[in-house]
Amino acid sequence: QVQLVESGGGSVQAGGSLRLSCTASGNTDISNYMAWFRQGPGKEREGVAGLGNGAFDTYVADSVKGRFTIFRDKVNNTLVLEMKNLLPEDTAMYSCALGIFTWNFSARWASPGIYDYWGQGTQVTVSS
């Protein structure tokens, strides 16, 4: 019913930038609760950034704060993760997630269980 498709991954050198996009289709829109997760080699899956249905409901993990920005591209109907000053530690498969409804999003945005739909992911590789 809902399909998420990520794009924008690739290989960059440390210090470089990438922009990831997630397009949602089906019985929903980009204004639902959404987030980016990642899982690197030998690491647990972690929430990178979340975006609620309010104008200012944005959250980022401490590990990427100041470097990553999450926002909605209303023109293209996509969820965007703008990544700057990339580090080798950022190497991971990045996945987009969408939740139809949740409560206390500020405390739960990084919990995978609150999301109903997931994309296949896009690979980000950062070299030294």
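Is Y59 buried, partly exposed or exposed? Keep that question open while you load the model, which is a predicted one, and select the residue together with its surroundings when the tour reaches the aromatic rings.

**The four-stranded sheet**

Begin with the backbone in cartoon view and pick out the open sheet of four strands, whose order is β1-β3-β8-β7 and whose pairing is antiparallel. Colour residues 2-7 and 68-73 next, since these are β1 and β7, the strands at the edges; each has a single partner strand, so one side of each is left without a neighbour in the sheet. If you look along the sheet, neighbouring strands are turned against each other by 20 degrees on average, with direction ignored.

Now narrow the selection to β7 and to β8, residues 78-83, which run antiparallel and are joined by six bridges. Within this pair of strands, select D73 and you will find it standing opposite T78 in β8. As background to this view, strands of a sheet pair through backbone hydrogen bonds, either parallel or antiparallel.

**The disulfide**

Stay with β3, one of the strands in the sheet, and show the side chain of C22, which forms a disulfide with C96, the two sulfur atoms being 2.1 Å apart. The structure holds one disulfide, and this pair links distant parts of the chain, with C22 in strand β3 (residues 18-26) and C96 in strand β9 (residues 92-99), 74 residues apart. The torsion about the S-S bond of C22 and C96 is about -80 degrees, so the disulfide is left-handed. Switching to a surface view, you should find C22 buried, at 0% relative accessibility, and C96 likewise counts as buried, at 0%.

**The aromatic rings**

Next display the side chains of the aromatic residues, among which the structure holds six aromatic pairs. Select Y33 and F105 as one of them: their pair is tilted, with 4.9 Å from centre to centre and 50 degrees between the planes. Y33 lies in strand β4 (residues 33-39) and F105 in helix α1 (residues 105-108), so the pair ties together parts that are 72 residues apart in sequence. Y33 is buried, with a relative accessible area of 13%, and F105 counts as buried too, at 7% relative accessibility.

Move on to Y59 and W109, which form a stacked pair with 6.4 Å between centres and 15 degrees between the planes. Here Y59 belongs to strand β6 (residues 58-60), whereas W109 lies in the loop between α1 and β10 (117-118), so the pair ties together parts that are 50 residues apart in sequence. The opening question can now be settled: at 22% relative accessibility, Y59 counts as partly exposed, because the cut-off for buried is under 20% and that for exposed is over 50%. Its partner W109, by contrast, is buried, with a relative accessible area of 10%.

With these four residues shown together, you can see that ring pairs link Y33, Y59, F105 and W109 into a cluster. Before leaving the rings, add W103 and R108 to the selection, where R108 lies over the face of W103 at 4.6 Å from the ring centre.

**The salt bridges**

For the last stop, show the charged side chains; a search of the whole structure finds five salt bridges. Side chains of opposite charge can pair when their charged atoms come close.

Centre the view on R38, whose side chain meets that of E46 in a salt bridge of 2.7 Å, N to O. R38 is buried, with a relative accessible area of 5%, while E46 counts as partly exposed at 28% relative accessibility. The side chain of R38 also meets that of D90 in a salt bridge, at 2.9 Å, N to O. R38 lies in strand β4 and D90 in the loop between β8 and β9, so this pair ties together parts that are 52 residues apart in sequence. Both R38 and D90 are buried. Add R67 to the selection to complete the picture, for R38, E46, R67 and D90 are linked in a network of salt bridges.

Finally, turn to D62 and K65, which form a salt bridge whose closest N and O atoms are 3.3 Å apart. In contrast to the buried pair of R38 and D90, D62 and K65 are both exposed.

Key
Residues are numbered from 1 along each chain as its sequence is written. This is a predicted model: local features need pLDDT of at least 70, side-chain atom pairs count only at pLDDT 80 or more; totals for chains, interfaces and linings use all residues. Side-chain values use heavy atoms; hydrogens and water are left out. Two strands pair if DSSP finds at least two bridges between them. Helices (H or I, at least four residues) and strands (E, at least two) are DSSP runs, numbered from the N terminus. Axes are lines fitted to C-alpha atoms, for helices over the stretch in contact, and angles run from 0 to 180 degrees between N-to-C directions. Rings of Phe, Tyr and Trp (its six-membered ring) pair if their centres lie within 6.5 Å; planes under 30 degrees apart count as stacked, over 60 as edge-to-face and the rest as tilted. Buried means under 20% relative accessible area, exposed over 50%, partly exposed in between (1.4 Å probe, protein chains only). A charge sits over a ring if NZ of Lys or CZ of Arg is within 6 Å of the ring centre and within 35 degrees of the ring normal. A disulfide is a pair of cysteine sulfur atoms within 2.5 Å. A salt bridge is a side-chain nitrogen of Lys or Arg within 4 Å of a carboxyl oxygen of Asp or Glu.
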